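Me: Let's zoom in on one part of this one and go through it properly. Start with a single loop, follow the chain from there, and then tell me about any other spots that deserve a look.

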Amino acid sequence: MEQLRSKKGFICDMDGVIYHGNQLLDGVKEFVEWLYRENKQFLFLTNASHRSPKELQKKLARLGVDIGEEHFYTSAQATAKFLQSQNPGCSAYVIGEHGLYNALYDAGITINDVDPEYVVVGETEAYGYEHIQKAMNLVNNGAKLIATNTDITGPIEGGIAPACRAFVAPIEATTGKQAYYVGKPNPLMMRTGLQLLGVHSSEAAMIGDRMDTDIVAGIETGLDTALVLSGVSTRETIEEFPYRPRLILKGVGDIPG
């Protein structure tokens, strides 16, 4: 644990680590106070694309935790940054919420449902047959399929909900084309996180609740890894994977000691 506490930078997942739905998890306030007290660099990194960093900041403030907007980074921002670097000024047909739209607008990407270069898929509660049909035909006509993250489900209060990969699956199945997934565990998002923190991977730790995104992303990017059991993973499900986190904790409240 002392090895973890000595790290200069911390990249933390949000869903299942900081909160469930609109419920702050135990020990989060103490963890955030410790990060500030110890002058740690930290970033709350989320695969969810539907909220902007400002909205995430306000959500945590409502839950009683005050953190600057600069400490949040979403898969929507990572996706917009990727498209901006690949094809500046491009256009996209978007399935998602305003957090994704705002990130794309900020990166100079225009919305186009006629002849876009890309079809971009994130999370949305308004998903239907017409989205699949439109996206399928655009991809068949040459648009490249991009997804904000690989999460197939996500934790909510009282259970789980479909996430990005569940929305992308019908489009992949009907076109025979595989999406390029930008969010965790893609090293692109992790490397950007480290750049924002200004620390080397050997001086940083990844804290998450998912083996298939958080922990594998940390391992592949060279970060120390801590899995918390406050989200989707259990000690039993950990055994299903061929890799392991270095530490297994009940929650982030274990870190300050």
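Reply: Start at Pro185, which sits in the loop between β12 (180–181) and α8. Here helices (H or I, at least four residues) and strands (E, at least two) are DSSP runs, numbered from the N terminus. The bond leading into that proline, Lys184 to Pro185, is cis, with omega near 10 degrees. For context, most peptide bonds are trans, and most residues other than glycine have a negative phi.

Before going on, a word on what you're looking at. This is a predicted model, where local features need pLDDT of at least 70 and side-chain atom pairs count only at pLDDT 80 or more, while totals for chains, interfaces and linings use all residues. Residues are numbered from 1 along each chain as its sequence is written, and side-chain values use heavy atoms, with hydrogens and water left out.

Now the helix pair. α8 covers residues 187–197 and α9 covers 211–221; their axes come within 10 Å and cross at roughly 70 degrees. Those axes are lines fitted to C-alpha atoms, for helices over the stretch in contact, with angles running from 0 to 180 degrees between N-to-C directions. So α8 and α9 are roughly perpendicular; that label takes 65 to 115 degrees, with under 35 being roughly parallel, over 145 roughly antiparallel and the rest oblique. The crossing of α8 and α9 is right-handed, meaning that the near helix is turned clockwise from the far one by less than a right angle (anticlockwise would be left-handed).

Who touches whom? From α8 it's Met190, Arg191 and Leu194, and from α9 it's Ala217, Gly218 and Thr221, where contact means heavy atoms within 4.5 Å. By class, the residues of this contact come out as three nonpolar, two polar and one charged. In that scheme Ala, Val, Leu, Ile, Met, Phe, Trp, Tyr, Cys and Pro are nonpolar, Asp, Glu, Lys and Arg are charged, and the others, Gly among them, are polar.

Stay with α9 for a moment. Eight of its 11 residues are buried, so α9 is largely enclosed by the rest of the structure. Buried means under 20% relative accessible area, exposed over 50%, and partly exposed in between (1.4 Å probe, protein chains only). The buried ones are Met211, Thr213, Asp214, Ile215, Val216, Ala217, Gly218 and Thr221. They pack against α8, β13 (204–208), β14 (224–228) and α10 (235–238). Right after α9 ends, Gly222 takes a positive phi of about 85 degrees.

A positive phi also turns up at Asn39, about 55 degrees, although Asn39 is not a glycine. Asn39 lies in the loop between α2 (28–37) and β4 (41–46), and at 64% relative accessibility it counts as exposed.

Elsewhere, Pro162 belongs to strand β11 (residues 159–162) and is exposed at 55% relative accessibility. Setting aside neighbours within four places in sequence, Pro162 is in contact with Ile152, Thr153 and Phe167. Its C-alpha is 6.0 Å from that of Ile152, 10 residues apart along the chain.

Last, the cysteines. With a disulfide taken as a pair of cysteine sulfur atoms within 2.5 Å, the count is zero. For Cys90, the closest cysteine sulfur is in Cys164, 17 Å away, which is too far for a bond. Cys90 is buried at 1% relative accessibility, and Cys164 is buried too, at 0%.
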